Amino acid sequence: MTITLKQDGNISRLVLDDSTRRNTLTVSMLEDMNAALEEAGSGHRTSVLELRGSGDVFCAGIDLDACHASNANTVALLTGLSKAIRRLRRLPQVVVAGVQGAAIAGGSALLTGCDFCCVEAEAKLGYPVTRVGLSAAVSVPTLQGKIGAAATRGLVLEGRVINGREAVALGLADQLAESRAELDELTEARCQNLAAKPPNALKTTKAWLNELESAGDDLVLDAALQRSLDTAVHSEASEMLEKNWIQKRTAS
Amino acid sequence: MKRELVSLTKNGGVARVGLKRPESRNALCATMIDELSSVIAEVESDAELRVVVLEGEGKSFCAGMDLKGVRDDPSAMGGMLEGLAQVSVRIRTLSIPTIARVQGAAIGGGCGLLAICDFAITHPEARIGYPEVDLGICPAVVAPWLIQKIGAGKARSLLLAGGTMNGAAALDHGLVDECVPFEMLDEAVERRTKRILAGGANAVRVTKEWLNELEGDKIRQDVLKGGQLSASVIQGEEAQERIRQLWKD
């Protein structure tokens with residue numbers, strides 16, 4: 001299994017657990033993640049879900065090798081990613097992410113579904129996907145909810161990679177850690193703090209915020225997913241994946 | 001209506017709306033909410049007025065809802081939350097700009113008043129924030145206004161985290177527009193007021209009305225719905241238990 005889920009008192013702990021591959025989101029990993037989120041949401045009597053990645057990198061994004069191999073893979077990956085964003089957003093638990101190393105593309109997309117995010121100052125985040133012919137559209141509604149329209153345009157159109165400090169300044173994350181040790185400490189402290197709060201007030205407030213923010217609605221997110229899918233099956237994507245991913249990686 | 005807990009003074013186009021319950025840090029009780037509504041109605045009907053300054057007498061701007069006064073009456077708490085939702089819509093939809101002068105503390109419902117004003121000015125030591133969830137209460141009334149003011153992402157983390165912050169942090173979060181040394185608070189409010197008065201009365205009014213129109217009806221409906229949601233949560237056992245703990249012994 002590349003996902004682990006544990007219930008620890010009032011906290012559910014979900015870990016992306018494939019550190020040898022920098023927690024790259026594969027089709028099976030996303031399936032496991034979505035199953036784990038469903039399990040936590042329906043079965044766990046907890047008020048907080050912690051989302052972490054094992055190893056040095058939170059998440060390196062979706063599996064581009066698989067995208068290069070077939071369109072069917074790409075469709076499964078983007079659909080699974082969209083589902084994970086929705087599940088995170090709609091969990092009855094408040095979701096706290098802790099990000100070390102990097103949360104690139106699909107990794108950043110997962111963060112947009114979270115309620116809180118603590119990030120290492122030197123971590124790399126952002127959506128450098130247009131250079132492989134893909135579109136971050138799938139993440140745009142929830143990203144825009146977090147950082148606003150102007151910053152979203154800058155981030156997804158330019159494909160710039162930002163560090164943790166800038167992520168906090170923009171609002172993609174909301175707490176900064178100077179080191180891995182501090183990241184672990186702050187993330188845990190926040191989970192414990194939230195876990196001690198009255199659960200009904202927390203759950204009701206999250207549900208109300210979801211209701212107010214149409215960015216999490218299926219209509220909006222379905223349209224966003226469709227844009228990413230249309231882009232991914234365009235011939236440009238396979239050419240650019242070949243040129244800017246497969247060949248560059250082989251060369252290095 | 002005779003008013004004792006909320007004052008209104010008018011001078012040179014400026015309406016000063018004062019919360020006058022300093023012994024309770026201007027905590028909002030049902031009477032106060034009614035009086036505030038009546039004051040705002042008077043402001044609405046006076047075409048000579050061009051700007052509103054909302055302020056609190058004494059050490060604090062507003063410490064939130066006066067739960068202590070209705071500690072044994074959950075349904076009264078619910079009624080107050082719905083009343084606050086209604087008056088917040090009324091203040092927001094005024095045709096003239098509003099400035100909150102925030103000293104000492106703006107907590108919970110008091111911080112809600114701050115969020116609906118067009119401008120809020122405070123000092124670094126003030127305590128500001130939404131600790132509702134800590135008390136088992138859902139800050140549903142302020143949520144739509146706060147999303148509008150600081151964005152959905154920041155509103156989400158602030159409201160779910162609970163707690164309070166100081167004035168300087170409130171400036172960083174975009175909750176207030178200015179944070180000045182305490183002794184310069186009046187001067188800063190005065191400066192802002194004068195700047196608004198220096199604009200064309202018609203131009204400012206049309207602009208404010210246009211902003212209200214752009215904001216649309218949905219947010220006002222959401223706030224009223226939030227009042228009902230918040231009222232139902234506060235009457236639940238979880239909130240009542242936490243509230244009882246506040247005045248234990």
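In chain A of this predicted model, strand β5(A) and strand β7 (residues 124-126) of chain A run parallel and are joined by three bridges. One residue pair places the register: Ala102(A) has Lys124(A) as its bridge partner in β7(A). These strands belong to an open sheet of three strands in chain A, ordered β5-β7-β8, with mixed pairing. β5 (102-104) and β8 (161-163) of chain A are the edges, each with a single partner strand, so one side of each has no neighbour in the sheet. On average, and ignoring direction, neighbouring strands of this sheet are turned by 35° against each other.

**The hairpin and crossover of chain A**

Let us move to the start of chain A. Strand β1 (residues 3-8) of chain A runs antiparallel to β2(A), and six bridges join the two. Within this pairing, Lys6(A) finds its bridge partner in Arg13(A) of β2(A). The two strands form a hairpin with two residues between them, and Gly9(A) in the turn has a positive phi of about 65°.

β2(A) also pairs with strand β3 (residues 48-53) of chain A: here six bridges join strands that run parallel. Leu16(A) has Gly53(A) as its bridge partner in β3(A). To get from β2(A) to β3(A), the chain passes through helix α1 (residues 27-43) of chain A, and this β-α-β crossover is right-handed. Why is strand β2 (residues 11-16) of chain A largely enclosed by the rest of the structure? Five of its six residues are buried, with buried meaning under 20% relative accessible area, so the strand is largely enclosed.

**The sheet of chain B**

Chain B has an open sheet of six strands in the order β1-β2-β3-β4-β6-β9, again with mixed pairing. Its edge strands are β1 (6-11) and β9 (178-179) of chain B, each pairing on one side only. Further in, strand β4 (residues 98-101) of chain B and strand β6 (residues 119-122) of chain B pair in the parallel sense over three bridges. Arg101(B) has Ile121(B) as its bridge partner in β6(B). Helix α1 (residues 30-44) of chain B lies across β1, β2 (14-19) and β3 (51-56) of chain B, and runs at about 20° to β1(B).

**Three helices and their spans**

The table sets out the end-to-end C-alpha span of three helices beside the expected value.

| Helix | Residues | Span | Expected at 1.5 Å a residue |
|---|---|---|---|
| α3(A) | 71-90 | 29 Å | 28 Å |
| α11(A) | 235-251 | 23 Å | 24 Å |
| α8(B) | 201-234 | 42 Å | 50 Å |

For α3(A), with 20 residues, the span is close to the expected value. Its buried residues include Leu77(A), Leu78(A), Leu81(A), Ile85(A) and Leu88(A), and also Arg86(A) and Arg89(A).

The 17 residues of α11(A) likewise reach close to the expected span, although this helix bends by about 35° at Glu242(A). Which residues of α11(A) are buried? They are Ala237(A), Leu241(A), Asn244(A) and Ile246(A). The buried residues of α11(A) pack against α2 (64-69) and α10 (218-232) of chain A.

Finally, α8(B) spans only 42 Å, where a straight helix of 34 residues would span 50 Å. Where is the kink in α8(B) centred? The kink, of about 75°, is centred on Gly216(B).

Technical notes. Residues numbered from 1 in each chain as written. Chains lettered and ligands numbered in written order. Predicted model: local features only at pLDDT ≥ 70, side-chain atom pairs only at ≥ 80, totals over all residues. Heavy atoms only, no water. Buried < 20%, exposed > 50% of the residue type's maximum accessible area, 1.4 Å probe, protein only. Helix = DSSP H or I, 4+ residues; strand = E, 2+ residues; numbered from the N terminus. Pairing = 2+ DSSP bridges. Right-handed = clockwise from strand over helix to strand, strands pointing away. Contact = heavy atoms within 4.5 Å. Axes fitted to C-alpha atoms, helices over the stretch in contact; angles between N-to-C directions. Expected span 1.5 Å × (residues − 1). Bend = angle between axes of the 7 residues up to and from the residue.
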